[in-house]
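The following exercises are meant for a reader who meets this structure for the first time. Each one sets a task and then works through the solution step by step.

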Amino acid sequence: MAVSEQVPLVDYLVLDGAPHLVAQECVQCGARYFGRRNACASCEGAEFRVVDVPVEGELRAFTIVSFAAEGIDVPFVAGVVDCGGTSVRGNIVNTPPDPDHVRLGMKVRLATTSLGTDTQGVEAVGFGFEPVS
Amino acid sequence: MSENVWILGIHMTKFGKHPTLDVVDLGAEAARGALRDAGIRMSDVGVLGAGNLRGPGGFGQALQKQIGQTGIPVFNVANACATGATALRVAIMAIKAGETDIGLAVGVEKLSGAGLLTGNERPKTDSWTPEGRVGAVAALDGRVGTDTMPGVFAQIGMEYGHKYGGTSFELFARISEKNHAHSVLNPLATYQKKFTLEQIMNDVMIAYPNTRPMCSANCDGAAAAVVVSESRLRTLSLEQQRRAVKVSASVLTSDPWSESCQVLPDVNTLTRAAADQAYEQAGVGPEDLDLVELHDCFATAELVHYDNLRLCEPGGAVDFFESGATWRDGKRPVNVSGGLESKGHPIAATGIANIWEVATHLRGEAGERQIEGAQVGLAHVIGIGNACGVHILEKAAL
């Protein structure tokens, strides 16, 4: 049995080495996306390259969610982080979920989170952003 | 140049709980009310635009089977919260295209007790299995940000605050305070209850900064409109002509690509585009509007749409609200119906119900909440996905 095998929550989270996110960047216009693409919504180009997204950024919008989908612990903070010009959606983690600790414009960095292990012992790893102290 | 289109008849049911009525009952009440108001029959109608999102499907035909099967084309449309406006657009486009000269649009929803709508319907499996466009091994709502509407629109309001400053929990709560105060005068609203600022801020938090009264109310309801070509209107009675309301602009947009629009829905670009097109079509400006019904699905949304609809200078939404302009006695009354926060938001009905509100003021028939002398009004809806409908109505001589 494999020891501490891991799988990312989403395919744009890379766990090898220092965890980071990757985007699909349109070769023609530079627009960035997460996930499988058919074409570029900005310029209609169909060629993409995989690029690393900076792991540090600035919190541009957030909410503190008290009523959520089944299986989600509340309250939690959902937000949009500007990672060097690429907008990323994620939760704000490793800080109390209240407006005294989470502020617009605060500097954050990518952090991984565990979603638990399945029956084969594989751990799913997600991501969030934590305040840069 | 295609010809002008007028609203000949329009009706909105009471919004609220209707446990004994199904979507067809409510739709029939709205449609027959609009036909009666228009002074015509189903047999006069040449096209039906029908909107209902959460019912069994085929709503338009089910409605015809109860109120009149005349063989006309039915367009069952779905465009999230802009579904009603889309149904109306279909009827208006058919008239402008010269396919018919009278159209009916109906929107209806049963939403009482629906609770929070979330996106986490995924069966639990024994092993992590990547699925979908991002190879997700678990449902993402709540794990990678939020898909819940109170949270999405909270971020939209917060993003505006980050960009321009001046927002606060209290500011957003005060927008809600205004709309609830307005609702007291609207007998068709789901809730006609005035809240103090303190009550709003101390109510149950749903998604900061939106507390429960700052969220649109789930309810049942329907609205319908009969639209007519100008040339046909000229053949109708003087009374029908007198009460007809001119549709000076009818616009539907989707969101153009912007850097972050696939990360957090961008409700700004498409609303700005729709507003600009509508003002151009109508030949009026925001300064001409006597009342505005805009899509306050959450208090945080209302703020950004002041700006998007050009009611204020770019970045000036906070000051605009603080000036008192958007209260019913202000210079640009917004959501005198009580808005979605108190009137309620039966999804597919909303984009016609807001037209009903504006038309009723232009006809001088809004009773206690009448905006005196109203001549021009604007109705706006947003459906996440995104779709935006903007209509400008005018009290005009034929």
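**Exercise 1. Describe the overall build of chain B in this predicted model.**

Solution. Begin with burial: of the 398 residues in chain B, 60% are buried. Next, take the secondary structure, which amounts to 13 helices and 11 strands. Then compare the radius of gyration with the globule rule: chain B has a value of 20 Å, close to the 21 Å that the rule gives for 398 residues, so chain B is as compact as a globular protein of that length. The C-alpha trace of chain B spans about 65 × 55 × 40 Å along its principal axes. Finally, consider the contacts in chain B with a separation of 6 or more: 77% of them are between residues 24 or more positions apart.

**Exercise 2. Determine how strand β7 of chain B is covered and which strands pair with it.**

Solution. Step one concerns burial. Strand β7(B) comprises residues 221-229, and 9 of its 9 residues are buried.

Step two concerns direction. In a regular strand, side chains alternate between the two faces of the sheet. In β7(B), B:G221, B:A223, B:A225, B:V227 and B:S229 point one way, while B:A222, B:A224, B:V226 and B:V228 point the other way. Both sets are buried.

Step three concerns the partners. Strand β1(B), residues 5-12, pairs with β7(B) in the antiparallel sense over 7 bridges. Strand β4(B) also runs antiparallel to β7(B), and 8 bridges join them. B:A223 appears in both pairings: it is the bridge partner of B:M12, and B:G107 stands opposite it.

**Exercise 3. Locate the largest nonpolar core and examine the surroundings of B:V227.**

Solution. The largest nonpolar core has 171 residues. Those with the most contacts inside it are B:A91, B:V106, B:A224, B:A225 and B:V227. Helix α13(B), residues 347-362, provides the largest share of this core, with 10 residues. At least three residues come from each of domain 1 (5-114 + 219-247) and domain 2 (149-215 + 248-394) of chain B.

Turn now to B:V227. With neighbours within four places in sequence left aside, its contacts include B:V5, B:W6, B:I7 and B:L8. B:A91, B:I92, B:I95, B:G103 and B:V247 are also in contact with B:V227.

**Exercise 4. Identify the buried residues of helix α2 of chain B and what covers them.**

Solution. Helix α2(B) covers residues 59-67, and its buried residues are B:F59, B:G60, B:A62, B:L63 and B:Q64. An α-helix has 3.6 residues a turn, so residues three or four places apart point the same way. The cover over the buried residues of α2(B) includes α1 (23-38), β2 (47-51), β3 (74-77) and β4 (102-109) of chain B. Just after the helix, B:G68 takes a positive phi of about 150°.

**Exercise 5. Characterise the contact between chain A and chain B.**

Solution. First, count the residues: 43 of chain A are in contact with 39 of chain B. Second, find the contributing strands. On the chain A side, β6 (56-65), β7 (76-83), β8 (86-92) and β10 (123-131) each supply at least two residues, and β6(A) gives the most, with 6 residues. Third, sort the residues on that side of chain A by type: 24 are nonpolar, 13 polar and 6 charged. Fourth, look for strand pairing across the chains. β6(A) runs antiparallel to β5(B), residues 205-208, and 2 bridges join them. In β5(B), B:Y208 is the bridge partner of A:I64.

Note on methods: Residues numbered from 1 in each chain as written. Chains lettered and ligands numbered in written order. Predicted model: local features only at pLDDT ≥ 70, side-chain atom pairs only at ≥ 80, totals over all residues. Contact = placed C-beta atoms within 7 Å. Helix = DSSP H or I, 4+ residues; strand = E, 2+ residues; numbered from the N terminus. Nonpolar A, V, L, I, M, F, W, Y, C, P; charged D, E, K, R; others polar. Pairing = 2+ DSSP bridges. Core = buried A, V, L, I, M, F, W, Y, C linked by C-beta atoms within 7 Å. Buried ≥ 20, exposed ≤ 12 C-beta atoms within 10 Å, placed from the backbone. Domains from an automatic or database assignment. Rg over C-alpha atoms; globule rule 2.2 N^0.38 Å.
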